[in-house]
Amino acid sequence: MMVSKSSIDSEKQIIKRGRAYLTPMLDYHVEEFEHIMHSSNKLEVKDFGYDSVNQALSEIFNDTESYVCRNKYGNIVFVGGLSFLEESPQMFTIFANSLEHNVILTAKMSKALLNMFDKLHPIITMTILSKNEHMLNWACWLGFEPIEMSNDNRFVEFVRCNSEQDDVYNKLLRPVVH
C-alpha cells in the first residue's frame, strides 16, 4: 500500500536524524508495513502466536507504545516500541525488507529510540527467539544483556538497566553501581 504524501507530511516527527525520523505508529502504518516486513520477522510471526502479519501489526498498534522510522525517502525502515504486558517494559523491533540498505540509519534510530525510553524506564527487557542470531546480536549491541533461556530453550530473555537512574536493579542481573 502506498501512503499519500500528505499523510507522510503530517506525521509528527518525534526524533529526527537528517531527513529521517521517528513518528508514533498510526493505523495506516499497519497496512503499509505488512507488505514490506523483513522475511525473518515474517517467519517469527507464528512463533510469537499470531495467525498473520496483519494480526501481529494490528495488536502492536493497539496494545503497545510503538513508533515508525522513515528514511529520507519516506520509506518505513522499522517499527519499534515497548510492550507493557510484563513486569518491566519489553522492547521490540521489526525490520523492513530494506534493512540491508538502511543498516546505519536503523542503528542510529534504534539507539535514539532506546535513549528516549531510558528517560522513562529504569529497566527494559527483550525476549528474542534463540534461533535468530542477528536479533540476539542486535540486542547485545543495544546494551541488553542475556539473563536466561526459556524452559523450552526457544527464547532468550534480555535486560537493560539504565545506569543513569537511581535504584536500578534487576534480580537476575548484577546490580548497577552508582
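## Strand β8 and its partners

Two strands are said to pair if DSSP finds at least two bridges between them. In this predicted model, strand β6, which covers residues 123-129, pairs with strand β8 in the antiparallel sense, and seven bridges join the two. One of the residues involved is I128, whose bridge partner in β8 is V156. Strand β7, made of residues 145-149, also pairs with β8 in the antiparallel sense, here over four bridges, and in this pairing E145 stands opposite V159 of β8. The strands β7 and β8 form a hairpin with five residues between them, and within that turn N153 has a positive phi of about 65°.

How many of the seven residues of β8 are buried? Seven of the seven residues in this strand, which runs over residues 155-161, are buried, so β8 is largely enclosed by the rest of the structure. The cover extends to both faces of the strand, since F155, E157, V159 and C161 are buried on one side, while V156, F158 and R160 are buried on the other.

## Helix α6: one buried face

Helix α6 spans residues 133-141, and within this helix M135, L136, W138 and A139 are buried. When one looks down the axis of α6, these buried residues fall within an arc of 160°, so they line one face of the helix. On the other side of α6, by contrast, E133 and H134 are exposed.

Which elements cover the buried residues of α6? The cover includes strand β5 (90-95), helix α5 (103-118) and the strands β6 and β8, so that β6 and β8, already described as an antiparallel pair, appear again in the surroundings of this helix. Just after α6 comes G143, a residue that takes a positive phi of about 100°.

## W138 and its surroundings

W138, which lies in helix α6, has a relative accessible area of 14% and is therefore buried, given that the cut-off for a buried residue is under 20%. If its neighbours within four places in sequence are left aside, W138 is in contact with T93, F95, T106, A107 and S110. For one of these residues, T93, the separation from W138 is 45 residues in sequence, and in space the two are 9.8 Å apart, taken from C-alpha to C-alpha.

## Aromatic pairs

The structure holds four aromatic pairs. One of them is formed by Y67 and F117, which make a tilted pair with a distance of 6.2 Å from centre to centre and an angle of 50° between the planes. Because Y67 lies in strand β3 and F117 in helix α5, this pair ties together parts that are 50 residues apart in sequence. Y67 counts as buried at 10% relative accessibility, and F117 counts as buried at 1%.

A further pair is formed by F95 and W138, whose rings have their centres 5.7 Å apart and their planes at 85°, so this pair is edge-to-face. The pair links distant parts of the chain, with F95 in strand β5 and W138 in helix α6, 43 residues apart. Both F95 and W138 are buried, and together with W141 they form one aromatic cluster.

## The nonpolar cores

Which residues touch the most other members of the largest nonpolar core? This core has 30 residues, and those that touch the most other members are L22, F78, M91, L113, F144 and F158. The elements that give two or more residues to the core are the strands β2 (20-24), β3 (64-70), β4 (76-83), β5, β6 and β8, together with the helices α5 and α6. Helix α5 gives the most, with eight residues. A second core of 16 residues is separate from this one, and its members include V45, V53, F92 and A96.

## Cysteines without disulfides

A disulfide is a covalent bond between the sulfur atoms of two cysteines. A search of the whole structure finds zero disulfides. Among the cysteines, C69 is buried with a relative accessible area of 0%, and C161 is also buried, with a relative accessible area of 17%. C161 belongs to the side of β8 that also carries F155, E157 and V159.

How values were computed: Residues numbered from 1 in each chain as written. Predicted model: local features only at pLDDT ≥ 70, side-chain atom pairs only at ≥ 80, totals over all residues. Heavy atoms only, no water. Buried < 20%, exposed > 50% of the residue type's maximum accessible area, 1.4 Å probe, protein only. Disulfide = S-S within 2.5 Å. Arc of directions from axis to C-beta. Contact = heavy atoms within 4.5 Å. Core = buried A, V, L, I, M, F, W, Y, C linked by side-chain atoms within 4.5 Å. Phe/Tyr/Trp six-rings, centres within 6.5 Å; stacked < 30°, edge-to-face > 60°.
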